[in-house]
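Me: Please examine the model shown below. I shall ask about its ligands and strands in turn.

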Amino acid sequence: MKMDSWEKIVSVEKDLIQANEELADENKNYFKNRGIRAIEFLGNIGSGKTSLIAKIIEKVKDKYNIAVINGDIAGDPTDIERLGVSTIQINTGGECHLDAKYIRPFVEKLPSETNLCFIENVGNLICPFEFPLGCEHRVVVVGLTDGPFIIRKHPVTFRIATVAVINKLDLQEFLDNDPKKLVEDCKSINPKAAVVLTSAKTGKGIEELIKVLNL
Ligand SMILES: Nc1nc2c(ncn2[C@@H]2O[C@H](COP(=O)(O)OP(=O)(O)O)[C@@H](O)[C@H]2O)c(=O)[nH]1
Ligand SMILES: [Mg+2]
């Protein structure tokens, strides 16, 4: 069969996605065997992923030995180290998502006592969805500042979310963006995902998020 170049691209992409899924399953087993609970956060740059992870860490750090793997195209390590947890910064240099193979060597370097690992994916709502890493949760974060169409314009990403977080609730009075409508959008795309409303600034919803993640 003669394939035109578009079909070839689609075919290569399918292979990549399938290979990634197999490696994600391997990562899942690896986490399980090492007794590490792994939780991925994804969402646009600035939606509040790091801030939410920091807020969760503040509340559960006495219960777990925590590590954070933080993916960015470029940037400095996050200020999460101040919380006394192990942090690994991955700068992809251009790749718009992490994938299962890429993170594995970093995961293998986690301190032996680690039993909870947050992985923050590269900031955007498009590329990471097709590349699971093998984590038990995929937490998709949007900020109220992302506008009213942010969920319905990214259905593919919300379909793979196990938890959807609508953050920056403290800014509601300044914005023409009704969080209830965002919750409805999310429920209609993915009725199975838990939806949590938060403010990483005031701490609103963080306890609920911790409960939903069973931490
Ligand atoms: N007002 C407000 N600001 C927030 C909230 N969450 C994060 N921010 C701010 O938004 C900016 C980006 O947050 P960050 O956690 O780094 O986003 P990330 O790129 O998704 O990791 C920072 O200046 C945070 O202080 C929130 O709930 N409310
Ligand atoms: Mg961040």
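Me: Which protein atoms are the donors of the magnesium ion (ligand 2)?
Reply: This is a predicted model, in which local features need pLDDT of at least 70 and side-chain atom pairs count only at pLDDT 80 or more, while totals for chains, interfaces and linings use all residues. Donors are N, O and S atoms within 2.8 Å of the metal (3.2 Å for Na, K and Ca), and sites may look incomplete because water is not among the atoms. At 2.0 to 2.1 Å from the ion, the protein donors are T50 (OG1) and E120 (OE).

Me: How many residues apart are T50 and E120?
Reply: Helices (H or I, at least four residues) and strands (E, at least two) are DSSP runs, numbered from the N terminus. T50 belongs to helix α2, whereas E120 belongs to strand β4 (residues 116-120). The pair thus links distant parts of the chain, and the separation is 70 residues.

Me: Are T50 and E120 buried or exposed?
Reply: Buried means under 20% relative accessible area, exposed over 50%, and partly exposed in between, with a 1.4 Å probe and protein chains only. By this criterion both T50 and E120 are buried.

Me: Which helix gives the most residues to the shell around ligand 1?
Reply: A residue counts as near a molecule or strand if one of its heavy atoms lies within 4 Å of it. Ligand 1 is surrounded by 16 residues, the closest being G46, K49, T50, S51 and D170. With three residues, the element that gives the most to this shell is helix α2 (residues 49-60).

Me: What percentage of the area of ligand 1 does the protein bury?
Reply: A polar contact is a pair of N or O atoms within 3.5 Å; within protein, one must be able to donate a hydrogen and the other to accept it, and residues adjacent in sequence count only if both atoms are side-chain atoms. An oxygen atom of ligand 1 lies 2.5 Å from a side-chain N or O atom of S51, and a nitrogen atom of ligand 1 lies 3.1 Å from a side-chain N or O atom of N167. Taken alone, ligand 1 exposes 570 Å² (Shrake-Rupley method, 1.4 Å probe). Of that area, the protein buries 68%.

Me: Which residue of β7 is the bridge partner of V165?
Reply: In strand β6 (residues 163-167), five of five residues are buried; V163, V165 and N167 point one way, and A164 and I166 the other. Two strands pair if DSSP finds at least two bridges between them. β6 pairs in the parallel sense with strand β5 (residues 137-143) over five bridges and with strand β7 (residues 194-197) over four. In β7, the partner of V165 is V196.

Me: Why is strand β2 largely enclosed by the rest of the structure, and which residue of β3 stands opposite G71?
Reply: Strand β2 (residues 66-72) is largely enclosed because seven of its seven residues are buried. It pairs in the parallel sense with β4 over five bridges and with strand β3 (residues 86-91) over six. A67 stands opposite C117 in β4. Opposite G71, in β3, stands I90.

Me: What relative accessibility does K168 have?
Reply: K168 is located in the loop between β6 and α5 (179-189). Although K168 is not a glycine, its phi is positive, at about 70°. K168 counts as partly exposed because its relative accessibility is 21%.

Conventions. Residues are numbered from 1 along each chain as its sequence is written. Chains are lettered from A and ligands numbered from 1 in the order in which they are written. Side-chain values use heavy atoms; hydrogens and water are left out.
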